[in-house]
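Here's a walk through one protein model, taken a piece at a time. Keep the 3D view open and follow along.

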Amino acid sequence: MAGGALKYRHLSRKSSHRQALLRNLVTSLFTHESITTTWHKAKEAQRLAEKLITLGKKNTNASRRKAESIFFEPVRLLPHLFTTLRERYLERPGGYTRVLRIEPVNKHYDQAPSAILELVDGPKDMRFLMTAKTLVRERTTEEGVRELTAKNVGKVTRYRPAGFDDLEREVRRMEAEAGSVRSRNVAIASVDEGRREGHGERQPWLGGGRSKGK
């Protein structure tokens, strides 16, 4: 209808090409749990991904046929949708995906706005990982965990199965990784200092060079 509201983004493609593009994006999303694309493609693919997860939660013959017609690799992805993802989002009322803005990926090409499209509560959930990283940092401060961080903890663990246990496990992993990095840096600094002291006569720019005789 002329002058009507835009119901979806055409993405500069005809209908058949647009549908093929979105099917390819959601196939990649359900395969890798996270994809990077342009902002507009991510928003359109998000709508289709949400519908697919809703079909998975219904778990009927009709919903299986509909999902099979969308995936490019239904034999591999249908079991994942109707078992793993269905159980993950069974108690979540909606919001199964998240779009995060990032800097343009093709900086030297078209500067198109880029974004990350991900499945929430999965192994690559960016907000979950960022909250764990924030906890690692704030637990070492005198002020402790801030109120805003505590609210974010509640958000990322609310519908996640064993959410608090997973978050604490990720925090311990990051703490151990940070400790090993600090130990390695201290060891490297000690070795470098020893080398400088042992070769001071050969490095006049450090102030330990020999003065040449006349």
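What follows starts with the packing inside, then turns to the rings and the helices.

Keep in mind that this is a predicted model. A good place to begin is the largest nonpolar core, which has 31 residues. If you want its best-connected members, pick out Val26, Phe30 and Leu52, the residues with the most contacts inside that core. Several elements give two or more residues to it: α1 (15–32), α2 (39–58), α3 (61–70), α4 (74–88) and β3 (114–119). Of these, α2 gives the most, with eight residues. As background, nonpolar side chains in soluble globular proteins tend to be buried together.

Now click on Leu52. Which residues is Leu52 in contact with, leaving aside its neighbours within four places in sequence? They are Val26, Phe30, Ala67, Ile70, Phe71 and Leu81.

Two of those contacts, Phe30 and Phe71, are worth a look of their own. Both are buried, and their ring centres are 5.3 Å apart with the planes at 75 degrees, so this is an edge-to-face pair. Phe30 belongs to helix α1 while Phe71 sits in the loop between α3 and α4, so the pair ties together parts that are 41 residues apart in sequence. A search of the whole structure turns up two aromatic pairs. Tyr89 and Tyr96 make a tilted one, with 5.3 Å centre to centre and 55 degrees between the planes. Tyr89 has 0% relative accessibility, so it counts as buried; Tyr96, with a relative accessible area of 5%, is buried as well.

Rings also meet charges here. Arg101 lies over the face of Trp39, 3.7 Å from the ring centre. Elsewhere, the charged end of Arg160 sits over the ring of Phe128, at 3.9 Å from its centre.

Back to α2, where Trp39 is one of the buried residues. The buried list for this helix isn't purely nonpolar: it includes Glu44, Gln46 and Glu50 next to names like Leu48, Leu52 and Ile53. Together, the buried residues of α2 pack against α1, β1 (34–38), α3, α4, β2 (97–102) and β3. The geometry checks out too: at 1.5 Å a residue, the 20 residues of α2 should span 28 Å, and the end C-alpha atoms are 29 Å apart, which agrees. After the helix comes Asn59, with a positive phi near 55 degrees.

Helix α3 has two contrasting sides. Ser63, Ala67 and Ile70 are buried, and they cover an arc of only 55 degrees around the axis, which puts them on the same side of α3. On the other side, Asn61 and Arg65 are exposed. What covers the buried residues of α3? The cover includes α1, α2 and α4.

Finally, move over to a separate region. Apart from the largest core lies another core, of nine residues, among them Leu135, Val153, Val171 and Met174. Val153 is found in helix α6 (residues 147–157) and counts as buried, at 11% relative accessibility. Not counting residues up to four places away in sequence, Val153 touches Thr131, Leu135, Phe164 and Leu167. For a backbone distance, try Val153 and Ala132: they are 21 residues apart along the chain, and their C-alpha atoms are separated by 8.3 Å.

Technical notes:
Residues numbered from 1 in each chain as written. Predicted model: local features only at pLDDT ≥ 70, side-chain atom pairs only at ≥ 80, totals over all residues. Heavy atoms only, no water. Core = buried A, V, L, I, M, F, W, Y, C linked by side-chain atoms within 4.5 Å. Buried < 20%, exposed > 50% of the residue type's maximum accessible area, 1.4 Å probe, protein only. Helix = DSSP H or I, 4+ residues; strand = E, 2+ residues; numbered from the N terminus. Contact = heavy atoms within 4.5 Å. Phe/Tyr/Trp six-rings, centres within 6.5 Å; stacked < 30°, edge-to-face > 60°. Lys NZ or Arg CZ within 6 Å of the ring centre and 35° of its normal. Arc of directions from axis to C-beta. Expected span 1.5 Å × (residues − 1).
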